[in-house]
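Visitor: I am new to this structure. Please take me through one part of it closely.

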Amino acid sequence: MDFQTVNRYICQLCLSMQIVWALDEVTLMNPPVQALPDSKVEILYSCVEPATVQLDCVVYFEIGRISTFLLTQWTCVPGNPDVKTVKLNLPDWLVYQADGIVPETHGVLSCTLQASVRYRGFDDTEKPIAAQDVASLQLKPFFSRPVKQHELCTAWSKQMLQLTPEFFQKQCPYEQETVHLLSTIYASTGETFGVIKTLDPFRNELLEYLRLKAISFPWCTLSIWVFVTSYCQKSMCGVFHHIDSHDNYATPTLLLTDSGQLHIQISGDSEESSAFLSTFKVPLREWCQLGVTLQGRTVTVSMTCIDTEQRAIKFTEYTLRHPAVFDDTDGYFVIGGGKYIQGVEGYFGPVVYHRNSASSHVKSDFIPDIIKKVNLTGWLKTCKEFRFDMTVKINGFSTKAKQAAESETCDALHNWMLKGEILTNQQCELWEEAAPHRRQAAKLAKLLVLKYGKAVSLPAVGRALYSLSLHKLRRASSTAVVSRILPLLLQAGCLADNQALHMSSVLLSTGLGVQSQHNKALLLALLGAQNDDRLSLLHLGYLHHLGLHGLPRDPDLAYAYYANIAKQTTVDRHNPTPNQTFVEAIYLNNDETLNLQTNEDHHIFQWLKLQASRGAAEAEQTLARMLFWGQQGLSPNIEEAVKHYRRGAILLEDPVSMYDYGIILLQGHGVEKDIPKAVTFLKKAMEQDFVPAINALAWYYEQFEHDYNQAVQLWEKADLLGSPDAAFNLGVMYSQGLYPGKPANQYVAYKYYRKSAERAHIKGAVQLAEIWNSGIPGHVNRYPSDAVLWVKWAAEHNGYLGSILKKALDSYLKSEMFISLLYYMMAAESGYAPAQFNVAYICEQNVGSSLDPADAALCMWRYYNLTIESQNPDTYAFIKMGDLLYEGCDTREKDLFSAAQMYTMAALRNNPQGWYNLALLSEDGFRLPLSILIELSLSELYLADNNLLLNAFYKRCRDSGDTDSYLPCSLALFKVFLQSFQKDYGAAVKPSAGSSKVLRAQQLRRGVGQYCDEKEAAVTLIWYSSVLSGSVLSFNVQGCGLCRCAETVRS
């Protein structure tokens, strides 16, 4: 007799005795150990009065919730004990794998079976349980559970859902308990720009419960890598700070003082805060890991610096007088500078935040990979040696120029070296010698010293090296010269020439003439960006916007870079210099635009001057604009532009010229400020209903008269007339609380900023992006991805970018293709779409074969690809990408489906070549997928005859409105008609040869009118008649701008 049988008899005996004593009882005889489908359990029960026996499944969740599921119940009749065998119908999600029908289970801690005897009152209310028994069930791991065999057919939608990767790759929902706020290096210029990050509540209910519980008793750790290049210009600057939803500093706030100490601020309840200083200082020009640990009222700040000799760990511990309060989902975090404080000058490395763990121990042996790969300290060390070497030579050449005797030169140099505490007599003897790769720099330094007769600065030598590099590149006919010039560019960058840094970064990033080195390219870009170089800032913003070259795609980091140059753009446009040029989106395949490029000797410029002298106001406006901003190939000449503005305003009384001249007088550009005269011209322009003049006068009343009522009245009027400036200025008034009779209202200001941005106002775009980046609590959510697009658009109006584009275009027009390619690459790697297109176009043309064919093909592939990813791509790029996919670029195989997608994108933008190439694909036998035909609104032709599809394509090609494509598309359409004609009538009509030709000619004469005008129909009929008669005619189709049209005409 086994144990279970003995146990059963004992239970029956005990229950019999309980009946005598008038007791209720229930017992789970053989409960299963695990939760399995179709399990059974025997229940021994008895009752004194009629009752109900109930079996429940009780499930306990991680968050503390308890759910009870009724499995079965039956009636208990008083009498002898009875045993009932019950099948356990447990919930499917407890025993089966999730499959789309069986739902997912999250957070289940345990499960128990509960059997009970219950009595019910007269009013259907339950009385306390008379007897119960429980047994624990173990839940099987997910992959150990069986898959349920459903009896009913699964819905198609469920079947598709089961094919998704989520059902094959089961894992816990991703929760950011360890948050990488920054996973790469950020170059901080020490201004009010930083990386803003926000955190969401946990989706897991247990983790969110623990987080909320820890708000008043924080238990977390923050790790920050930082490389400080110089201490703060003001008393404090930002390292890492937390701004809450009320725009106040919150826990934790970590600042750096001007002496190098850390200032830590922790907030508590009732606006109570505590602050303290670290006992250690952050060293300069070393990577250091800063740690902040919160353990209730204890705050620990640590620092570990990475040195070549040793790694020192320093701690400061502080006990708060009040409980700390830290809600990491309230407000936002800022790495570096923000709108309330400037950031640290230097670099930020990875920033990691552990939300639910606190450890005061720092891993001193861990250095992030990105810091190792970039090797900033290695570059600075080598650069320091080179700068010292050049300083020795410059001072030596300077002294030698003053002293005639060589011995005196040595003595003077020796004395100089002693002052610098460098006691190396050997260098005094050999100071003129230079390493082979530094001889060119030493030679330039010597020439500069001899030219000016005194010591020159290191940046001056750097500029000379950069100019020499450009001179050599301008004369280059192939990429082979780049490898010899790159060392000169690197040396120029070391000597503080930011343009050389950016050009070197572009060369190493693209691999133009040198081997690609993305880590070194990133290093050079970081060096330029930290020096506030605009193109380097653009470049890094673009890299993190798209996540190129292995860098993380981070819209918050991209925004930090773009916002910097966008703010500078708004300042640069009010302070024009000869180094800035208006940014013009010029595509090299647009001959019409290229023909408008001019110079002061060009016939277009001379013609405009002639028209202006004859009193043409528009010519005067155009000349002034071209000269002021440096447009259409001209270099900026503000003084000359002012003359044209003055002439248009005074002699011609042109409202546009009066407005422009008034603005120049207000701001003092090229002339002395003259406020009364400026107001006079602005009022005259306003009297002629020139809207910008209304806005300018309102600005005058606000800035100079402080008459806010008059200013607002004029701005409201200009806003109704569509002025972007007026909308922006009204936003400023609401934001600063200057609108008469109304309090400050950031949300109303936001609406005006958005209105001005949508009217293409650069400052409005910058303000809108700033709001979308941080949000307005309760009114506007964060939209970091959209914020990036606005600041990117604003940044791409920077005049220094325009200067590079002008140099590229001038070189192209002079047929200096290689240097033009390089200039365009500098702008293209900054994310400017027209420059990306032009790089691909130059590579496609490859004039003079300066590029290897394989390199040219890769160049086309890369930059046409980047072009089509921009917001408003040129349709020519879609066509070329389609051709590359059709032909199979480099080692890539043909991809007709992707090629069709590219042609479809071009066709949907009304490019006739797109329609034409889709037709050619169909003629080649490629069956266009239904998805593409749906996009083209031609889904009804999916199963139709191919000639009907060709007929639709060629008709849309012909009717696109492009004059150059009308005739080729018409001829192709007629070809389709001929094929249909031969197919329909060839088998049905079999007369003699002569009558057949007459019949076909009659049919053609009736059908040609559908496709061509009268002249084209006559030409086509003559051609077809010549084919029928056996003769050969040759056509020379003029104005055919389509790459494959000639094939159709010849066919």
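Let us begin with the sheet. In what order do the strands of the open sheet run, and is their pairing parallel or antiparallel?

Guide: Keep in mind that this is a predicted model. The open sheet has 3 strands. Their order is β1-β2-β5, and the pairing is antiparallel. Start at the edges. One edge strand is β1, residues 25-28. The other is β5, residues 82-87. Each of these edge strands pairs on one side only. From one strand to the next, the twist averages 25°.

Now look at β2, which covers residues 40-46. Strands β2 and β5 are joined over 6 bridges, in the antiparallel sense. To find one bridge, go to V41; its partner in β5 is V86. In general, strands of a sheet pair through backbone hydrogen bonds.

With the sheet in view, turn to the largest pocket. This pocket holds about 1400 Å³ of space. Its lining counts 39 residues. Closest to the centre are R573, H574, Y659, I663 and D725. Several elements each give two or more residues to the lining. They are α18 (617-629), α20 (655-667), α22 (691-705), α24 (724-735) and α26 (762-774). Helix α20 gives the most, with 7 residues.

What classes of residue make up this lining? There are 21 nonpolar residues, 12 polar ones and 6 charged ones.

Terms used
Residues are numbered from 1 along each chain as its sequence is written. This is a predicted model: local features need pLDDT of at least 70, side-chain atom pairs count only at pLDDT 80 or more; totals for chains, interfaces and linings use all residues. Side-chain values use heavy atoms; hydrogens and water are left out. Two strands pair if DSSP finds at least two bridges between them. Helices (H or I, at least four residues) and strands (E, at least two) are DSSP runs, numbered from the N terminus. Axes are lines fitted to C-alpha atoms, for helices over the stretch in contact, and angles run from 0 to 180 degrees between N-to-C directions. On a 1 Å grid over the protein atoms alone, a cavity is a set of points where a 1.4 Å probe fits but cannot get out, and a pocket is an open set with protein on both sides within 12 Å along at least five of seven lines; lining residues have an atom within 4 Å of a point. Grid points are joined across faces, edges and corners, and a volume is the space filled by probe spheres set on the points. Ala, Val, Leu, Ile, Met, Phe, Trp, Tyr, Cys and Pro count as nonpolar, Asp, Glu, Lys and Arg as charged, and the others, Gly among them, as polar.
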